[in-house]
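Thanks, everyone, for making the time. I would like to take you through one model this morning, and I will keep to the ligand and what is around it.

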Amino acid sequence: EKGGFDHFMLKEIFEQPTTIHDCLRGRLDADKGTITMSGISKYAEQLTNANRIVMVACGTSWHAGLVAEYIFEELCRINVEVEYASEFRYRNPVIAPGDVILAISQSGETADTLVAIENAKKQGAIIMGIVNVVGSSIARLSDTGAYTHAGPEIGVASTKAFTGQLAVLTMVALKVALEKGTITHERFLQLVRELNAIPEKVAKILEQNDAIKALAEKYKDATNCLYLGRGYNFPVALEGALKLKEISYIHAEGYPAAEMKHGPIALVDSELPVIFIATKDSYHEKVISNMQEIKARKGRVVAIINEGDKQSIALADDVIVVPETDEILAPMLNCIPLQLLAYHIGVAKGFDVDKPRNLAKSVTVE
Ligand code: F6R
């Protein structure tokens, strides 16, 4: 049932070229240059006229919401807020007519997310569910939505569900942006083509599994680890740190790269691995200067980069090269080596990566 893999987590990481493809299939047509999503089209008007979109989720799904915040604001020019479901449900959130709530959940059963949307629904918000498990409670409670079609995720650490969420959220943003006229048709087509190429680029990254395993051996004895990124890759830093924490029990923190100067930089010494997500995007020069600041304090830098990035290569102790894509789509690629790194460190330390201690696959109690 693990399909020849040692663990479900590794199997599910390796399934991603297929699961992302399955998520796009029947929706994105790169030849025609169209995206079809019936659940979204039904509510196209509410989405394009939305005052704001509130993403409600927990854990990794919350990270997908954070990436989507950057994407929706850039492409659709809609105000987006991303809320921890557990906080949102106990506040007295201001919900106005025209607010759309996007609930993001792999299991569709997370108690806090479920109750948060129940409350919002009572106040008149439109609820859209981005859910993996078909027919789950969140899917049923939602007015509409889209499934991620990632298939059953058994490993407790979420991997393929996350990239599925990113793929769905990107398609929704693209549809809304085109409808609203906040992007040109040309830009839409360009992103459709790039999105269509993501599965094969993920497959290219997976070819580096052995190299990433070797890095895991090198860094497995770290007691702390810092993950840094900016823009679209800031949530990727959070996600990389979460994966490492839950699988290898190494304390890890994700931070916006520039924010480290306001505290975490005090942790940097020659023992501390600092993982930079440093692919070429509009923030690249800024990320490089953050990398210089870490090197100046003798931190051990591992950088996720695109080919030919001489500046990063000169600064980093180790690099992992990922294919280029549009910066909006980069999180779907950049999270892959971080999933593998966490997996291999957990395995190297002898832990049960499919069932990390104290964690449940689906948190149905608050
Ligand atoms: C992390 C992880 C959790 C879940 C969170 C939300 O790897 O799996 O953080 O992402 O419990 O679960 P869902 O998406 O099922 O609502």
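I will begin with the confidence scores, then turn to the ligand site and its contacts.

What you see is a predicted model, and the predictor gives the protein a mean pLDDT of 96, with 100% of its residues reaching 70 or more. For the model as a whole, the scores are ipTM 0.99 and pTM 0.98.

Now, where does the ligand sit? The space that the ligand takes up is the largest pocket, and the elements that contribute two or more residues to the shell around the ligand are α5, spanning 59-76, and α13, spanning 234-248.

That shell consists of 14 residues, of which the closest to the ligand are S61, S105, Q106, T110 and E246. Sorted by class, the shell has eight polar residues, four nonpolar ones and two charged ones.

Let me go through three polar contacts one at a time, since they involve both side chains and backbone. In the side chain of E246, an N or O atom lies 2.5 Å from an oxygen atom of the ligand, and E246 is also listed among the closest residues. For S107, the distance between an N or O atom of the side chain and a ligand oxygen is 2.7 Å. With S158 the partner is a polar backbone atom, which is 2.9 Å from an oxygen atom of the ligand.

Finally, how much of the ligand's accessible area does the protein cover? On its own the ligand has 410 Å² of accessible area, and the protein covers 90% of it.

Notes:
Residues are numbered from 1 along each chain as its sequence is written. This is a predicted model: local features need pLDDT of at least 70, side-chain atom pairs count only at pLDDT 80 or more; totals for chains, interfaces and linings use all residues. Side-chain values use heavy atoms; hydrogens and water are left out. A residue is near a molecule or strand if one of its heavy atoms lies within 4 Å of it. A polar contact is a pair of N or O atoms within 3.5 Å; within protein, one must be able to donate a hydrogen and the other to accept it, and residues adjacent in sequence count only if both atoms are side-chain atoms. Accessible areas come from the Shrake-Rupley method with a 1.4 Å probe; for residues, only the protein chains shown count as cover. On a 1 Å grid over the protein atoms alone, a cavity is a set of points where a 1.4 Å probe fits but cannot get out, and a pocket is an open set with protein on both sides within 12 Å along at least five of seven lines; lining residues have an atom within 4 Å of a point. A molecule sits in a cavity or pocket if more than half of its atoms lie within 2 Å of its grid points. Helices (H or I, at least four residues) and strands (E, at least two) are DSSP runs, numbered from the N terminus. Ala, Val, Leu, Ile, Met, Phe, Trp, Tyr, Cys and Pro count as nonpolar, Asp, Glu, Lys and Arg as charged, and the others, Gly among them, as polar. pLDDT is the predictor's confidence in each residue, from 0 to 100.
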